[in-house]
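Dear colleague,

Please find below the sequence and structure that I am handing over to you. My notes on what was found follow directly after them.

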Amino acid sequence: MNAPETAPAQIQVPPGPIERAPSKPRLGEQLVSRDLITEAELEAALQLQSKHGRKIGENLVELGIITEEQLLPFIAEQLGCPAVRLRDALTDPAAVRILPRATAQRLDAIALFKVRNQLTVAMADPQDLERIDEIRKLTGLRVRAVFAFTQVIEKMIGRCYEEDFAVDSVTADMDETAVEISEDMSSVDSASIENLVEGSPIINLVNYLILQAMRKGASDIHIEPSRKYTLVRFRIDGQLVEVLRPRRDIHAAVISRVKVMAKMDIAQQRIPQDGRCQVNVEGKDVDLRISTLPTVLGEKAVLRVLDRRRLTFNLDELGMPSGLLVQVKSLLAKPHGMMLVTGPTGSGKTTTLYSALELIKSVHSNIVTVEDPVEYQLELINQVQAEKSREFSFAAALRSILRQDPDVIMIGEIRDKETAEVAVQAALTGHLVLSTLHTNDAASAITRLTDMGIKSYKVAASLSGVIAQRLIRTVCPHCESTYYPSAEYLQSLNYTGDRRRTFTRGEGCKNCFDTGYLGRTGIYEVLTVEPEVRTLINEDNSLEKIRGWFSEQGGQTLLASALRLAEEGKTSLKEAARVAFFD
């Protein structure tokens, strides 16, 4: 008798939809919900991910949006395994050698330490069972996988497998210093240099550029794109010098890092942006004024380095000849009137004005400035930041300042007729007004004001003096040499001294980047508005007549000041002609 066939078991399906365990939110969503990053910052990291394929967390760290310490707990929660920040103290050299270097590089893994028959290995993908199994078979040990960032693993592999390993040459000299980024212009705790060196290469690169700019005395850092590479140049002594050519593919990341520092919108790449931040470099607080500009090849960034310690706000130390210094101090001693400082951008006008304010400031005087931007903060002086909007332009700010009972007013720049009219009116009503103009020489400031629409009689009544100035490079003392220039060349410069004498020039060396110059000093032209000048202004006489009067009175022009420095061996004739020869 055959046994009855057993009926197949029936699977009981509960009524209604099957309930699934809720999926974990993605890493980026978690960080946004915890207010650790913004939606724009997440979008920037996702764009970088689409270009380079790296994981979102690595991109966030590389851009400087979040630190490893902040991010690792979230990654550990996502992966369900420990996440570690690799460092030298975490690795056992004996355990590292258990895994051959070639295998470590191929698997993006590094052995950390061994306890009995278990090997703890840091991996970029600790959930890759095939790689874990390969390590187990190769070593004969049980493998405990933990997470670490790919780039950090690669760096540790290089450090641990080579006895003579050295830090990458680009950041090698960062060993004894730190570049700390401060927020809202106040100091905050930052990573030590050991953490910086172990961190993102993009952060290290930007820190390195700031550090080198400080050490070399640069006033600006230019980071600009080209077709094949990123070009980094420093402006040293007024001239741009190429210092580095990083790979083109990291340009967007470098610019994003700079934007993060300056609290700009890193997702916006098609409009210019401005920002600023404060950094601490080798114990010195330095302000960075940062500007970005979209170009056809990508965004360009310029970082203006505002290092107060490199400047001296002292008129006696600006290189002004004693005779001219006496004239300037007499202009500042007047209770009212307008004194102008003229010259192109980067000629030291702001430094001269700040030095003047330092000389005349007092607890008994109300000194107010209106600037755009406020570059340096001074004690006992009320500094006002003008805005681009018409609601708080220079002219609008000046009108408000006049209701604040000022004794001295400093205007960052007279840019338009409205500002000029308010400044002239303030000078005529008992205030000492200091400001700047963009003109080639001192006499041109007079015609510039009349061209703006200011009546000649008002210019004559309000203007007390004009200082024209330039910054001229000085010969490098390490490679200076003397030579005899030709008589024809001296004649072309209108040189009236001994044409058989020697002059100095620099041959170029490593100390001066082969330029022959190291450092700068000022050259000056001071025109005091005497009664004769007021008459010429009122009569609407030409610029040449005012210059003629200035020459007849023995006034020293910018070219004469530059040639005097060349005679003293402080600068070269070529530099004097470049800076001050306008004919």
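In what follows, an axis is a line fitted to C-alpha atoms, for helices over the stretch in contact, and the angle between two axes runs from 0 to 180 degrees between N-to-C directions. Please bear in mind throughout that this is a predicted model.

Helix packing

I begin with helix α14 (residues 394-402) and helix α15 (residues 417-428), whose axes lie 8 Å apart and which pack at an angle of about 20°. Angles under 35 degrees count as roughly parallel, and α14 is therefore roughly parallel to α15. The crossing of these two helices, α14 and α15, is left-handed. On the α14 side, the contact is made by F394, A395, L398, R399 and L402; on the α15 side, it is made by E418, T419, V422, A423 and A426. Sorted by class, the residues of the contact of α14 with α15 are seven nonpolar, one polar and two charged.

The next pair is helix α10 (residues 201-215) and α11 (251-261). Their axes are 9 Å apart, and α10 and α11 pack at an angle of about 70°. This angle makes α10 roughly perpendicular to α11. The crossing of α10 and α11 is right-handed. From α10, the residues I202, I203, L205, V206 and I210 meet A253, V254, R257, V258 and M261 of α11. The contact of α10 with α11 has nine nonpolar residues, one charged residue and no polar ones.

The third pair is formed by helix α19 (residues 531-538) and helix α20 (residues 543-552), whose axes come within 10 Å and cross at roughly 170°. The two helices, α19 and α20, are therefore roughly antiparallel to each other. Here E532, V533 and L536 of α19 meet K545, I546 and W549 of α20. Four nonpolar and two charged residues, with no polar ones, make up the contact of α19 with α20.

Cavities

How many cavities of 30 Å³ or more are there? The count comes to two.

The largest cavity has a volume of about 100 Å³. Its lining consists of A44, Q47, L48, K51, L63, A252, A253, S256, I266 and Q269. Which helix gives the most to the lining of the largest cavity? That helix is α2, with four residues. Both α2 (39-52) and α11 (251-261) supply at least two residues each to this lining. One residue, A253, appears both in the lining of the largest cavity and in the contact of α11 with α10. By class, the lining of the largest cavity divides into six nonpolar, three polar and one charged residues.

The second largest cavity holds about 80 Å³ of space. Lining the second largest cavity are I236, D237, Q239, V241, R473, N511, C512, F513, T515, Y517 and L518. Strands β7 (239-244) and β19 (517-528) each supply at least two of these residues. The lining of the second largest cavity has six nonpolar, three polar and two charged residues.

Backbone details

Two backbone features deserve your attention, and both concern the loop between β12 (367-371) and β13 (382-385). The peptide bond from D372 to P373 is cis, with omega near 0°, and P373 is placed in that loop. What is the sign of phi at L380, positive or negative? Phi of L380 is near 65°, a positive value in a residue other than glycine. L380 likewise lies in the loop between β12 and β13.

With kind regards

Technical notes
Residues numbered from 1 in each chain as written. Predicted model: local features only at pLDDT ≥ 70, side-chain atom pairs only at ≥ 80, totals over all residues. Heavy atoms only, no water. Parallel < 35°, antiparallel > 145°, perpendicular 65-115°, else oblique. Contact = heavy atoms within 4.5 Å. Nonpolar A, V, L, I, M, F, W, Y, C, P; charged D, E, K, R; others polar. 1 Å grid on protein atoms, 1.4 Å probe; cavity = no way out; pocket = protein on both sides within 12 Å on 5 of 7 lines; lining within 4 Å. Points joined across faces, edges and corners; volume = space filled by probe spheres on them. Left-handed = near helix turned anticlockwise from the far one by under 90°.
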